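Please look through the sequence and the model shown below before reading on. The paragraphs that follow lead through selected helices and then through individual residues in loops.

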Amino acid sequence: MLPDSVRDAIGELLESSPDPVEDIDRSLTWLRVVFSALPIDLLQGILDFGRHADTAGVALVRNLPVDPELPMTPVNGEPSPLKRTFVAEGVLLGLSQLLGEPVGVTTEKAGRLVHDVVPVSTGARSQTNQSSAAFLNFHSDIVFDEFGRFDLPNPDFLVLNCLRQDRNREAVTYYADARDVVGDLPADVEETLRTPQFRLNAPGSYVRDHAGGAAVLSDPIAIISGPPAAPGIVVSANGVVGLTAEADTALAQLQRSCRAVAHEVRLERGTALLINNRKGLHARSQFLAQHDGHDRWLQRTYLRRSLWDIRYRSAAGSRRVH
């Protein structure tokens, strides 16, 4: 939790600053200076969260600066043209640059570095960030890749900053750490999940916008990998296809184990959730959305510890869009 004095000092600087994505590298450099005002223990906690294998997979930061006035929640998933200050964007990117490099994906939110995550009526029951009337299953954020491995170019971290809570305060975000999940799984199920018997469906946004609604499946992969003390895990929200009956049974048990061990939080205005996208899976409950400008509004970034490994995906004219 930020002390009030630190919150106010950072907020004053951000309130008078322009949209940080207009010159993103310069903004990230400036935000590094701004966020150096965090108390040393809090700052080290965030840095350690990002750099060590044995730390928690999720962290909540509270009492963050907020925009003095907030326009109506956009209803189409696009940035609001009525937003006059960029405190939320500064907070989002200020926290993000402590964990890694913000990255845009051409097939997700048109390659933008700041994603507005809001309920959209046409996607209310989908397994995407537009949904509200459906439980968004435990998943990782993955990236469609023409080489067939949607789990390799995906983000290492996500940051979710809450601009507006849902009106009934019922939306719950869940996080299931892979270490806890593995501890809950029967040994034979874990063994199955560690074999390449699974194909991830591409993100729902890609399937919707680029594949006409048809499934786009990855190469066969394992769901769980790595040493027992620090396992990695990957699941696509839009569905995973098991290649055997044993694999399908294991997937069902995996979702049950995630629900059994998950931590939960109701994000409020002025809070941000830092998520390690490789150490665990996250989910979201259903909630009431009326698509009237007063619905839940989050902003999100995708982060990579390094952009080097995805340099083959670089979009023309941009260092950060892939």
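**From the helices to the loops**

Helix α1, residues 4-15, has 12 residues and reaches 16 Å from its first C-alpha to its last, close to the 16 Å expected at 1.5 Å a residue. The model is a predicted one, and the description below should be read in that light.

Which residues of α1 are buried? They are Val6, Ile10, Gly11 and Leu14. These residues lie on the same side of α1, because they cover an arc of only 125 degrees around the axis. An α-helix has 3.6 residues a turn, so residues three or four places apart point the same way. Ser5 and Glu12, on the other side of α1, are exposed. A residue is called buried here when its relative accessible area is under 20%, and exposed when that area is over 50%.

What do the buried residues of α1 pack against? Their partners are α2 (24-34) and α4 (87-96). Two packed helices are described by the angle between their axes and the distance between the axes. For α1 and α4, the axes come within 8 Å and cross at roughly 115 degrees, and the crossing is right-handed. The residues that meet are Gly11, Leu14 and Glu15 from α1, and Val87, Gly90 and Val91 from α4. Of these, Gly11 and Leu14 have already appeared among the buried residues of α1.

Helix α2 can be read in a similar manner. Its buried residues are Ile24, Ser27, Leu28, Leu31 and Val34. They cover an arc of only 115 degrees around the axis, and therefore they are on the same side of α2. On the other side of α2, Arg26 and Val33 are exposed. The buried residues of α2 pack against α1 and α4, and also against the strand β2 (101-103).

The loops come next, beginning with backbone angles. Asparagine 63 is placed in the loop between β1 (58-61) and α4. Although asparagine 63 is not a glycine, its phi is positive, at about 60 degrees. Alanine 110, in the loop between β2 and β3 (115-117), is another residue other than glycine with a positive phi, near 55 degrees. Is alanine 110 buried or exposed? Alanine 110 counts as exposed, because its relative accessibility is 65%.

Alanine 202 belongs to the loop between β7 (198-200) and α7 (204-210). Its relative accessibility is 0%, so alanine 202 counts as buried. Leaving aside residues up to four places away in sequence, alanine 202 touches Ile142, Phe144, Phe150, Val207, Val216 and Asn238. Alanine 215 is 13 residues from alanine 202 along the chain, and the C-alpha atoms of the two are separated by 7.1 Å.

The last residue to consider is serine 236, in the loop between β9 (232-233) and β10 (240-242). Why does serine 236 count as buried? The reason is its relative accessible area of 4%, because a residue is buried under 20%. Which residues does serine 236 touch, not counting those up to four places away in sequence? They are His139, Ser140, Ile142, Leu200 and Asn201. With asparagine 201 there is a further detail: its backbone nitrogen lies 3.3 Å from a polar atom of the side chain of serine 236. Ile142 is thus named among the contacts of alanine 202 and among those of serine 236.

Notes:
Residues numbered from 1 in each chain as written. Predicted model: local features only at pLDDT ≥ 70, side-chain atom pairs only at ≥ 80, totals over all residues. Heavy atoms only, no water. Helix = DSSP H or I, 4+ residues; strand = E, 2+ residues; numbered from the N terminus. Buried < 20%, exposed > 50% of the residue type's maximum accessible area, 1.4 Å probe, protein only. Polar contact = N/O pair within 3.5 Å; in protein donor to acceptor, adjacent residues only side chain to side chain. Contact = heavy atoms within 4.5 Å. Expected span 1.5 Å × (residues − 1). Arc of directions from axis to C-beta. Axes fitted to C-alpha atoms, helices over the stretch in contact; angles between N-to-C directions. Left-handed = near helix turned anticlockwise from the far one by under 90°.
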